[in-house]
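Me: I have a model open here and would like to talk through its empty spaces and a couple of its residues. Could we go over it together?

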Amino acid sequence: MTRTISILGATGSIGRQSLEVIAACGIRTAALTTNRNVKLLEEQCRCFLPELAVAFDPQAAAELKIRLADTPVRVAQGMDGLLEAAALPQADTVLTAVVGMVGLRPTLAAIAQGKRIALANKETLVCAGELVMEEATRCGAQIVPVDSEHSALFQCLQGNRDRGEVKRLILTCSGGPFFGKSAEELQGITRADALQHPNWSMGAKITVDSATLMNKGLEFIEAMRLYQMPPEKILIAIHRESIIHSLVEYCDNAILAQLGTPDMRLPIQYALTWPERCPGPAKELDLFSCPPLTFARPDLETFRCLKLALKAAERGGLACAVLNGANEAAVGLFLQEKIGFCEIADRVAQALSRVPQGDHRDLDAILAADQLARKIALQ
Ligand code: NAD
Ligand code: MG
């Protein structure tokens, strides 16, 4: 059970919802960080009074310092600030809710201190999952998932002592806003179209990933790393209603599922309170007003990003780091309206045609593969 927490990315969608959970559960804060949303971070600091506030952007940090001058909150900046926030001794848990690979080094810093990692920042596990999981084992740090599907799997795996009894993990997928569309229909998708998600309200990058289904590909790799499962033991099922958050099928053909309203506050809270549970702000699910639950196979030919991610997962080595880096860069271009929706997959495919050789457990090799992939995707 978490008593004191540092939140990396406190001003984002996950960060803001986690502060609601923390207020409800009486958890204290040690550090809160943002990229440059200092107005919101100031409000959060006045409300939660952490020891440390960090703005990654130096100009934003200077402004934050002025804003918080009359409070006891100390201000830091940049990667050094994030690393300090991740390793503050008072916190027993670090919630990693920054978006993108920028979360990797802070996650490793928190792991080195043996802290519980409530992990939302899936890009970190995709680009460096083997390294992160090995470091966690070596340092005795628990990694507890925040992603709703992985939290569902984690909940369905409670009490399972022998991973050999697990036949497969079944990841559910809403299908995103463009479910059922043809490849031609995807051509004209704009930024505004892609930022509408039917069931979840999230940050811009993950919302685009949910529209291309790259998000499910990243989650597939995330599940492989978290639960040490080979790709053939993970199945993706389109489930439009987002009521079943994922399932575990055991060797006796029993299938366990976790159900709930699509409300991230529940998986966030479970990551903080595990192995305990307590009442919290997540909305109740009324079974009698649920729509019928449906399941379908994903369309890998139309949603090429998902197919590319599954290929990278199969291939291993530095391919997942390349996939992630190229996707982050390409989604950035799409959000700036510099490339079209379907070009995201084109750019990721180009980067994946040039995966460097190297040790995928070595941080420098991972960072170099990430940089190369971004360069190719931005060309
Ligand atoms: P968001 O864009 O709403 O928030 C991102 C946070 O990270 C903000 O606080 C921002 O200030 C900070 N940040 C961004 N760039 C940074 C940088 N370069 N350096 C330091 N800080 C930076 O994103 P989100 O939707 O909250 O998602 C956060 C993470 O959680 C992502 O990895 C996402 O995949 C994962 N996740 C989100 C959801 C969801 O429902 N939103 C669900 C599952 C997993
Ligand atoms: Mg998810």
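**Pockets, cavities and two loop residues**

Reply: The second largest pocket is a place to start: its lining is made up of 16 residues, and those nearest its centre are Ile 143, Phe 154, Arg 163, Leu 226 and Tyr 227. Please keep in mind throughout that this is a predicted model.

Me: OK, how much space lies in that second largest pocket?
Reply: The space in the second largest pocket comes to about 330 Å³.

Me: And which elements supply at least two residues of its lining?
Reply: Helix 6, strand 7 (143-145) and helix 11 each do so for the second largest pocket, and strand 7 has the largest share of that lining, with three residues.

Me: What classes do the lining residues of the second largest pocket divide into?
Reply: Nine residues of the lining of the second largest pocket are nonpolar, six are polar and one is charged.

Me: Where does the second largest pocket lie with respect to the domains?
Reply: It lies between domain 1 (4-145) and domain 2 (151-264 + 274-300), because both of them give residues to the lining of the second largest pocket.

Me: Now the largest pocket: how much space is in there, and which residues lie nearest its centre?
Reply: The largest pocket holds about 1000 Å³ of space, and of the 48 residues in its lining, Ala 97, Val 98, Val 99, Gly 203 and Ile 206 lie nearest the centre. Among the elements that give two or more residues to this lining are helix 1 (13-25), strand 2 (28-34), helix 7 (148-156), strand 8 (166-173) and strand 10 (244-250).

Me: Which element gives the largest share there?
Reply: For the largest pocket that is helix 10, which contributes four residues to the lining.

Me: What about residue classes and domains for the largest pocket?
Reply: The lining of the largest pocket has 22 polar, 17 nonpolar and nine charged residues. Since domain 1 (4-145) and domain 2 (151-264 + 274-300) both give residues to that lining, the largest pocket lies between these two domains.

Me: Switching to cavities, how many of 30 Å³ or more does the structure hold?
Reply: There are two cavities of 30 Å³ or more in the structure, and the largest cavity has about 60 Å³ of space. Its lining includes Ser 148, Ser 151, Trp 200, His 245, Asp 263 and Pro 267.

Me: Which elements give two or more residues to the lining of the largest cavity?
Reply: Helix 7 and helix 12 (265-273) are the elements that do so for the largest cavity, with helix 7 giving the largest share, four residues. By class, the lining of the largest cavity divides into six polar residues, four nonpolar and one charged.

Me: And the second largest cavity, what volume does it have and where does it lie?
Reply: The second largest cavity has a volume of about 50 Å³. It lies between domain 1 (4-145) and domain 3 (316-379), because both domains give residues to the lining of the second largest cavity. Among the lining residues are Val 126, Cys 127, Arg 225, Gly 317, Cys 320 and His 360, and helix 6 provides the largest share of the lining, five residues.

Me: Different topic: where is Thr 11, and is it buried or exposed?
Reply: Thr 11 sits in the loop between strand 1 (4-8) and helix 1, and because its relative accessibility is 11%, where the cut-off for buried is under 20%, Thr 11 counts as buried.

Me: What does the side chain of Thr 11 make a polar contact with?
Reply: The side chains of Thr 11 and Thr 34 are joined by a polar contact of 2.8 Å. Leaving out residues up to four places away in sequence, Thr 11 also touches others, including Arg 16, Asn 37, Leu 40 and Gln 44.

Me: Last one, where is Leu 49 and what is it in contact with?
Reply: Leu 49 is found in the loop between helix 2 (38-48) and strand 3 (52-55), and, leaving aside neighbours within four places in sequence, Leu 49 is in contact with Thr 29, Gln 44, Pro 72 and Val 73. With a relative accessible area of 48%, Leu 49 is partly exposed. The C-alpha atoms of Leu 49 and Ala 194, which are 145 residues apart along the chain, are separated by 37 Å.

Key
Residues numbered from 1 in each chain as written. Chains lettered and ligands numbered in written order. Predicted model: local features only at pLDDT ≥ 70, side-chain atom pairs only at ≥ 80, totals over all residues. Heavy atoms only, no water. 1 Å grid on protein atoms, 1.4 Å probe; cavity = no way out; pocket = protein on both sides within 12 Å on 5 of 7 lines; lining within 4 Å. Points joined across faces, edges and corners; volume = space filled by probe spheres on them. Nonpolar A, V, L, I, M, F, W, Y, C, P; charged D, E, K, R; others polar. Domains from an automatic or database assignment. Buried < 20%, exposed > 50% of the residue type's maximum accessible area, 1.4 Å probe, protein only. Polar contact = N/O pair within 3.5 Å; in protein donor to acceptor, adjacent residues only side chain to side chain. Contact = heavy atoms within 4.5 Å.
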